[in-house]
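Me: I would like to go through this structure slowly, with one question at a time and the reasoning spelled out in each reply.

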Amino acid sequence: QRTAAAEASSQVVTLVHSPPCYVYGAVFHPMADPPLLLSCAFDGNIRLWNAMPSDDYHRSNDDRLYGKLQGGYHKTRVNCLAFDKRGLKLISADAKGLVIIWRCHGDLTEASSYSLLKKLDIVDKMPIHSIHFCRDHLLIHAEQNILRIVGLKRYKLLHGGFNGVRSGMANIGSCFSPDGRWVLAGSEDGNACVWYTRSTAS
């Protein structure tokens, strides 16, 4: 009989990307039941998966892939993904600084249920390593010390940058506080930086 610790540390499922490539991130849909997962990869594709635990899934693991999101908007590796709280919007960002806002509707297991809402190109084509969603605000962290906040109601730039962070080419991440009032970011100089969202000084 397996112990609780063994159960907790065991791998629930493996999602095999074909052809093999680097997988840079994955997110669960916040409302889907059974679990639904999207992954982003080096080949520029966003894949849609059935993430039901193996004990409850009675088909071959090869059948877990529902499909790839359509449109071909990302021409390079997709580095990160994020959902809004209700799972009505999916955000993807790539290594050429392009952010895609997807509308999620209908049968979420169908790749065709994810359609283009908006393209954003506001980080001077710098690779984006981190995105974080809070309420209707999107935090984007890109190379060359770029940290920006975009409002997703009108798709306008709300904040053009925060002083103090050092993120040249390393994979540095950032996030909002749960209430959206603060921004926290890592930095290449060994510090963690915190800002009030209405200021620029750390």
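Me: Which residues of strand 14 lie on its covered face, and which on its uncovered one?
Reply: This is a predicted model, in which local features need pLDDT of at least 70, side-chain atom pairs count only at pLDDT 80 or more, and totals for chains, interfaces and linings use all residues. Residues are numbered from 1 along each chain as its sequence is written, and side-chain values use heavy atoms, with hydrogens and water left out. In a regular strand the side chains alternate between the two faces of the sheet. In strand 14 (strands being DSSP runs of E, at least two residues, numbered from the N terminus), the covered face has V183 and A185, while the uncovered face has W182, L184 and G186.

Me: Which residues form the nonpolar patch on the surface, and what is their accessible area together?
Reply: A patch is made of residues with over 30% relative accessible area and no salt bridge, and nonpolar side chains (Val, Leu, Ile, Met, Phe, Trp, Tyr) are joined within 5 Å. A salt bridge is a side-chain nitrogen of Lys or Arg within 4 Å of a carboxyl oxygen of Asp or Glu, and accessible areas come from the Shrake-Rupley method with a 1.4 Å probe. Strand 14 (182–186) and strand 15 (192–196) each supply at least two residues of this patch. Its members are W182, L184, V194 and Y196, and together they have about 340 Å² of accessible area.

Me: Why does Y196 count as partly exposed?
Reply: Y196 has its place in strand 15. Buried means under 20% relative accessible area, exposed means over 50%, and partly exposed lies in between. Y196 is partly exposed because its relative accessible area is 30%.

Me: In what order do strands 13, 14 and 15 form their open sheet?
Reply: Two strands pair if DSSP finds at least two bridges between them. Strand 13 (residues 174–176) and strand 14 pair in the antiparallel sense over three bridges, and F176 has V183 as its bridge partner in strand 14. Strand 14 and strand 15 are also antiparallel, over five bridges, with A192 as the partner of G186. The three strands therefore form an open antiparallel sheet, and the order is 13-14-15.

Me: Which residue in the turn between strand 14 and strand 15 has a positive phi?
Reply: Strand 14 and strand 15 form a hairpin, with five residues between them. In the turn of that hairpin, the residue with a positive phi, of about 90 degrees, is G190.

Me: Which are the edge strands of the sheet with the order 5-6-7-8?
Reply: Four strands form this open sheet, and the pairing is antiparallel. Five bridges join strand 5 to strand 6 (residues 89–94), and A82 has I91 as its bridge partner in strand 6. An edge strand here pairs on one side only, and the two are strand 5 (78–83) and strand 8 (114–120).

Me: What is the radius of gyration of the protein chain?
Reply: The chain has one helix and 15 strands. The radius of gyration is taken over C-alpha atoms, and the globule rule is 2.2 Å times the number of residues to the power 0.38. For 202 residues the rule gives 17 Å, and the chain's value is close to this, so the chain is as compact as a globular protein of that length, with a radius of gyration of 18 Å.

Conventions
Patch = residues over 30% accessible without salt bridge, like charges linked within 9 Å, V, L, I, M, F, W, Y side chains within 5 Å. Buried < 20%, exposed > 50% of the residue type's maximum accessible area, 1.4 Å probe, protein only.
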